[in-house]
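Please find below my notes on this model, set out as numbered points. They begin with a question about one disulfide and then move on to other parts of the chain.

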Amino acid sequence: RAAGTSARGGRAAKMRSEVLFLGCVLLALHTVHGAPASILIGETTASTKFSATPAAPTDLIIKLDTDITYAAGDRVYVYLPLFGGATNSFGTYGPSVISNAGPGNYESVQANPAVPSTNGVQGRDSTSTLVAGGLRSAYWDAPTETLRVTMGTNAATITEIFVESKFLRIGANPGGAPNGKGPRPAYAGVKERWWYRMANVRVFKADACTGTVTGREGFPPEVCNVASAVSEQIFDIAASSKLTTSNSRLFVHPQIGEVGTSLMPYFAYSSITGSSTGLDQSNCMTVTFIPSFTFMSTATSQARIDIDGLSGTSSGSDTSSTVLSLFSSLALCEANSPSMPAGLSGFFQDIPMGTPPSVPSSNRATFDKSSGKFSMQLQAGRYIEAFQVVTFTFRLNNPAVVREPIVPRLSFLGKQCDASTFCSEATSKDVAVAPTDFILSDKVLGAEANEFKVREIWQSTTDPGVAARIHVTLAPNVNIQETMITITDLCITSSGTTVTLLSNKDNFGSRFNGNLPIEAVTADDIIIAKDASWDNTAKTLRLDVGSRGLLANKRHAFAFIYTTSATASEEGCTPKIQVGGAGKAFAAMDMEHTDFGVVDPPKFKKMQIGQSSTRPGLTNYMCVTLTPNKDLGNQAMLTITGLTGTMAADSTAPLVRCPRALVDQSIERSTTVPARLVDSQFTGDQFTFEKDTGSVILQIRAGGTIRKDSEVSFAIPLQNTYENQDCKTPQLIVSGTDWSQPATDFEEPSATKRALEGGLEDGDVCPQKTYEPTFTTKAIGQSDAKAGALNTFTVTLRTNVDLVAPTKSDTHPSITIDGLFGSDTEDTLSSSNGITALAVKGVEGRNFMRISSAEWTKVNGRLVIKLASVAAGAANEGRCSPPSVDNWATGDYCIKAGFRYVFQFSLRNPDTKQAAQAPWIFGEFKVPGDSTRRMFRTDPFQYLVTPDSDMNKPLFVLDP
């Protein structure tokens, strides 16, 4: 396809104008002529391949074919299919003699086209250093998705072309918003392989191009003959990163069409947003518009922008027009610091008035109060490109009476530049855009009654009988000076007639979006006087507003201290706020709050309970944490109820410390044996347990006190059941002379935390959640899938209960594997021969259990393994200690809960093809000293291989 023509047969012309955000992307190229080239976006080297992250516009580097020596006038065309953004001349958009003054100026002076290097495109050498005079011009041709570069007089040393991202932003500001110009990747992304086949870079000599206009070399209507390209390079997908983009784009008027094409003039986007709704209040209005056409001003015909409908303002004169300043941002408008963005400074001026006409000034506009019209004109010699984003702020006062906001209209009158010959006065044409409602309009000269837009009040604590901080945040919609603010219906009690206001910041006060409000209390009392008047009978606080006062639409905050009631108050209250004074009166309004004035009854405000273990039959430590909101002593009784379902008997036992977790990758989780709690506030450092009611009873010792806001933690050891059991919901009851607390549920346990020992599911840290005996790890795999082969099976197990080998043979713990159907190994019933014949053994460096017997039954594919016993009277009889990997050859005398054990055995494969089997596992054991025979839950095995592979699944046999 010829460079400079549409890649998609006009599909580019159907794309809407959009601001596209560009990620960091690396794209390598190869060439059919000379050394490979590459394109880098956001990076300066190709050292790292990565996928792009959608982001703001980023630098673009085009590494050129180094086998070519470039000369002045050579054309380099980079075809980027699906790349978008408006047509971009990088500072050159004027007649045959063009100014160097900067982007947007076409005044006739004796100079070359605007230097691309100062407007967004540079020619650079092998060290990425700018080559002065390396480029003559650059042009992003949006309809053909091609970046066109014309070489300058010093082109010989150029090895790369650099597009600087800040020139794709408003005002060439690196932190500014995107300006809508290209080149940018398509917002919806691309089909990667298709894109790499289509994108290319071509190099032409000047004589290969026709239709050239003198002084505008490289620009349309020039066309270069693709057959005459001296170099053609396409992108190499194998050496490139992925290309991705975000979906972010500007709003586009539904009637506006092609990107980079000048159609009937419209405003593709327009918005006007005010900053204030206060009566007679200064209102900074920010305007943004995007024209669908390029327009210009000459000395005799200056383009004009009008905003109609700005009626009702209290600004300006009823008999003459007023000159307004233009601002680059809302902040500068509010600070009354006139300016415009760097890329638009000096573009617009006010309309000449009077006889003789006044001399217009830059960065100004004209406002006619009688007609409600804002007007500004483009200075002679300036232009605004199609789909360029224009934004500025101006200021008017809101009406002095209440009314709804208005929707103003935007219009244009002036010269439209011709798309093929640029901004030439001879070829431009007169156009007008009729007044059209702004697409987005908000807070434009609407006025509301005086009020506090923010009127928040909150207190720092609801504890009874303590010093509490009250924080107040206020933001009026008008300026307030030298008046009085009254807050009534304050359900608090404070002695005296004066309340001292304090710093919000210094008292850990309010923030908004992470920022502190303006401090309302200052040493000179110019905002609010620090001494406020308090009427305890009327529950009213009066604030004297100073000479500076509260600024409109700004948050101001202060604090003060009071003592909460010693008795509970569940209702709280809703204070009201109002302002007195001529012209600035505010009607009383409810303040915004959450539970202001509420005082809690004496209670434990922190009540947490959790457990250490879910393992069956194990001692489980119930960890309790309590924090009161008031001192508790005088031998008060604390009763925890609802801990039923334990195997613990009625008893009085020592309290212990809450256990800590031990980190060990070989076990699920284990804990230290917690130490006994000493010197606690409880009598005897102990508790009494009543099994029938599941109650734990504690008494504060004589002379002991649990202090307000102190945290008390202790653990209660109870024995878990061997059955599955759901979480319990315990409650706390307090009985005492200081204060009492009725039965109250503990806080909901964490839904994500697991018990320290045997935690299998999120949330099983809840009290008394117990699992029945089970294999928490049960995996099996095989070594050989050949028919008739001796096949070694590897089993990995982990249990949630100790399997201890006692001294009596009939109570040996056993592990049964069922479902290994199809093996040719005959029954092996003898205990000693079974171990040998089946080659049951440990694996070096892994935990292994000592085996008494191994019995294989062919018909049901069952292997039963029994653990060996220790000698009668041995020190470790009936006990199970953590294993040692050093015992892998002989094995340990038990399986310790939580540890992984690995063993192997061998069976003969059948001589015929067979699908993988699905064995399952269960176990049987007795607890020493307990005659109950307990069973493991029966579960299927997991495989030691990936689900999509059968080769290692048990007794999968290949076709011989």
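Why is the disulfide of cysteine 727 and cysteine 766 left-handed or right-handed, as judged from the torsion about the S-S bond?

1. The model is a predicted one, and the question is settled by the sign of the angle: the torsion about the S-S bond of cysteine 727 and cysteine 766 is about -45 degrees, so this disulfide is left-handed. The two sulfur atoms are placed 1.8 Å apart. Distant parts of the chain are linked by this pair, since cysteine 727 belongs to the loop between strand S46 (712-719) and strand S47 (731-735), while cysteine 766 belongs to the loop between strand S48 (741-745) and S49, 39 residues apart. The two ends also differ in their surroundings, for cysteine 727 is partly exposed with a relative accessible area of 40%, whereas cysteine 766 is buried at 3%.

2. The disulfides in this model come to six by count, and two others deserve a description beside the one above. Cysteine 209 is joined to cysteine 224 with an S to S distance of 1.9 Å, and the torsion about their S-S bond is about 90 degrees, so this disulfide is right-handed. Cysteine 209 lies in strand S10 (residues 209-210) and cysteine 224 in strand S11 (residues 223-224), so the pair ties together parts that are 15 residues apart in sequence. Cysteine 209 and cysteine 224 are both buried.

3. Cysteine 623 is joined to cysteine 658, again with S to S given as 1.9 Å, and here too a torsion of about 90 degrees about the S-S bond makes the disulfide right-handed. This pair links distant parts of the chain, with cysteine 623 in strand S37 (residues 619-628) and cysteine 658, 35 residues apart from it, in the loop between strand S40 (651-654) and strand S41 (661-662). Cysteine 623 counts as partly exposed at 21% relative accessibility, and cysteine 658 counts as partly exposed at 24%.

4. Turning to the chain as a whole, I note that it has three helices and 61 strands, and that 51% of its 960 residues count as buried. Among contacts with a separation of 6 or more, 74% are accounted for by residues 24 or more positions apart.

5. One sheet is worth tracing in the display: it is open, has five strands in the order S53-S57-S50-S49-S61, and its pairing is mixed. Its edge strands are S53 (841-842) and S61 (942-943), each of which pairs on one side only. Strand S49 (residues 775-782) runs parallel to S61 and is joined to it by two bridges, and within this arrangement glutamine 942 of S61 is the bridge partner of alanine 779.

6. Asparagine 88 sits in the loop between strand S4 (75-79) and strand S5 (121-124), where it is buried with a relative accessible area of 3%. A polar atom of its side chain lies 2.9 Å from the backbone nitrogen of phenylalanine 90. Leaving aside residues up to four places away in sequence, asparagine 88 touches residues that include Tyr139, Trp140, Lys181, Gly182 and Glu385.

7. Two cis peptide bonds should be inspected. That from glycine 182 to proline 183 has omega near 10 degrees, and proline 183 is found in the loop between strand S8 (160-163) and helix H1 (192-198). Another joins proline 220 and proline 221, with omega about 10 degrees, and proline 221 lies in the loop between S10 and S11.

8. Positive phi values also occur in residues other than glycine. Phenylalanine 387, with phi near 65 degrees, is in the loop between strand S21 (383-384) and strand S22 (390-397) and counts as buried at 1% relative accessibility. Asparagine 553, with phi of about 65 degrees, lies in the loop between strand S32 (540-544) and strand S33 (556-563) and is partly exposed, its relative accessible area being 36%.

9. Finally, the second largest pocket has a volume of about 420 Å³. It is lined by 21 residues, of which Gln608, Ile609, Gly610, Lys753 and Val765 are the closest to its centre. The elements giving two or more residues to this lining are strand S36 (604-611) and S37.

Key. Residues numbered from 1 in each chain as written. Predicted model: local features only at pLDDT ≥ 70, side-chain atom pairs only at ≥ 80, totals over all residues. Heavy atoms only, no water. Pairing = 2+ DSSP bridges. Helix = DSSP H or I, 4+ residues; strand = E, 2+ residues; numbered from the N terminus. Buried < 20%, exposed > 50% of the residue type's maximum accessible area, 1.4 Å probe, protein only. Polar contact = N/O pair within 3.5 Å; in protein donor to acceptor, adjacent residues only side chain to side chain. Contact = heavy atoms within 4.5 Å. Disulfide = S-S within 2.5 Å. 1 Å grid on protein atoms, 1.4 Å probe; cavity = no way out; pocket = protein on both sides within 12 Å on 5 of 7 lines; lining within 4 Å. Points joined across faces, edges and corners; volume = space filled by probe spheres on them.
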